[in-house]
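Visitor: I'm new to this structure and would like help reading it. Could we go through some features one at a time?

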Amino acid sequence: MFLTEESSTKTKRRRTRKTRLIKIKKLLFFLIILLVAIWFFLGLKSLIYRTLINVEIMQPGELTENISTEGILIKQEYLIKSPLKGTMKYSISDGQRVKVGTTLGVLEAPSMDTVSGVKQYAVKASVGGMLCNHVDGLETILMPGNLDGVEIPSMDKISNRGQALTEGNVEKGAPVAKVIDNLSPVFLFGTLKAEDYKKIEQRKEPELKLLWQNQTILARVEKLLNDETKGFLLVLKNYPDLILHNRRVKFQFSLGKMEGLLVKDESLVTQGNEEGLFIIWKGLVHWVPVKVKGRLGGQAVIEGADIQPGISYVINPRFAREGDKL
């Protein structure tokens, strides 16, 4: 049997058509596999994102920022010295308020004029104020009137209260007490780190709040030294008497206090010209705009029409996408 030219051509066409169908089927199979792979990848990617997303509950709270530091108290102090060598006994306790002429104690000194050989001398307050039985040798140096001409010692060379004066033997001319004039201005000098100094410098209010031993003290900024020392000089206003016993004090600057809904600062996302955050509503991720009232210490106080206490929000928004299910 011999094939004609026409039958040979038909056979070639059938083979070509069959080859094309096979190629089309392979292409369709490849496309299906590709779509499945893409679907699987997107689903896996979405699953990974959902796994990486961290969520917290939005709650109301309070933000405060405090700067911890140390300072040196500069106050008007008067030393009461022993007129003679002898033995001192106190009749007024440490910390009491005294008037001019108040007897602080009795000094017993040797005397040839008495049968007992001892004579008593009343040691009286030469000024009014608060009695303090601690001296550190800086009473005549760190005085308010000397602020412009005296070099203030470094913090590590100053003790807190100094040496306590106790009853017993004293030398002539030795201090037996001191009276602090609580009606004269009391200054507080110290230094700050550059970043903390800048926060104080940028404040517009002339008054500052200090926290000392769970008490709030108002202070007025007398001078800021914008040099290498980054120093400050404050005038204390409503200080407690107890602080006057100290020379070196640890305290905190209270820089701010805000109340409202708190979120982590890193959770905020800018879209367009608005700040907002991703919240979880009915199991879906939604971006909502918010107004930031203030920021302190890595947190922000916010408000907005679409937020309220108890709503979940995304802490790490880089993994959040609008419409994702959680």
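Guide: We'll take a small sheet, a strand, a helix and the nonpolar cores in turn. This is a predicted model, in which local features need pLDDT of at least 70, side-chain atom pairs count only at pLDDT 80 or more, and totals for chains, interfaces and linings use all residues. Residues are numbered from 1 along each chain as its sequence is written, and side-chain values use heavy atoms, leaving out hydrogens and water.

Visitor: In what order do the four strands of the open sheet lie?

Guide: First, the terms: helices (H or I, at least four residues) and strands (E, at least two) are DSSP runs numbered from the N terminus, and two strands pair if DSSP finds at least two bridges between them. Here the order is 7-6-4-11, with antiparallel pairing. Strand 7 (118-124) and strand 11 (168-170) are the edges, each pairing on one side only. Strand 4 (residues 86-90) meets strand 11 over three bridges, and Gly-86 stands opposite Val-170 there.

Visitor: Thr-87 is in strand 4. Is Thr-87 buried or exposed?

Guide: Buried means under 20% relative accessible area, exposed over 50%, and partly exposed in between (1.4 Å probe, protein chains only). Thr-87 is partly exposed because its relative accessible area is 26%.

Visitor: What is Thr-87 in contact with, beyond its neighbours within four places in sequence?

Guide: Contact means heavy atoms within 4.5 Å. By that rule Thr-87 touches Val-106, Leu-107, Glu-108, Gly-168 and Asn-169. Its side chain also makes a polar contact with the side chain of Asn-169 (3.1 Å). A polar contact is a pair of N or O atoms within 3.5 Å; within protein, one must be able to donate a hydrogen and the other to accept it, and residues adjacent in sequence count only if both atoms are side-chain atoms.

Visitor: Which way do the residues of strand 16 point?

Guide: In a regular strand the side chains alternate between the two faces of the sheet. In strand 16, Gly-231, Leu-233 and Val-235 point one way, while Phe-232, Leu-234 and Leu-236 point the other. Six of the six residues are buried, so strand 16 is largely enclosed by the rest of the structure.

Visitor: Which residues are bridge partners of Phe-189 and Val-221 in strand 16?

Guide: Phe-189 is partnered by Leu-233, and Val-221 by Leu-234. Strand 13 pairs with strand 16 in the antiparallel sense over six bridges, and six bridges also join strand 15 to strand 16, again antiparallel.

Visitor: Which residues of helix 2 are buried?

Guide: An α-helix has 3.6 residues a turn, so residues three or four places apart point the same way. In helix 2, Asp-196, Tyr-197 and Ile-200 are buried. Down the axis, the buried residues fall within an arc of 100 degrees (taken from the directions from the helix axis to the C-beta atoms), so they line one face of the helix. Their cover includes strand 2, strand 14 and strand 17.

Visitor: Which residues touch the most other members of the largest nonpolar core?

Guide: In soluble globular proteins, nonpolar side chains tend to be buried together. A nonpolar core is a set of buried Ala, Val, Leu, Ile, Met, Phe, Trp, Tyr and Cys residues joined through side-chain atoms within 4.5 Å. Of the 25 residues in this one, Leu-188, Leu-210, Leu-234, Leu-236, Ile-243, Phe-251 and Phe-253 touch the most other members. Strand 17 gives the largest share, four residues. A second, separate core has 17 residues, among them Leu-131 and Val-170.
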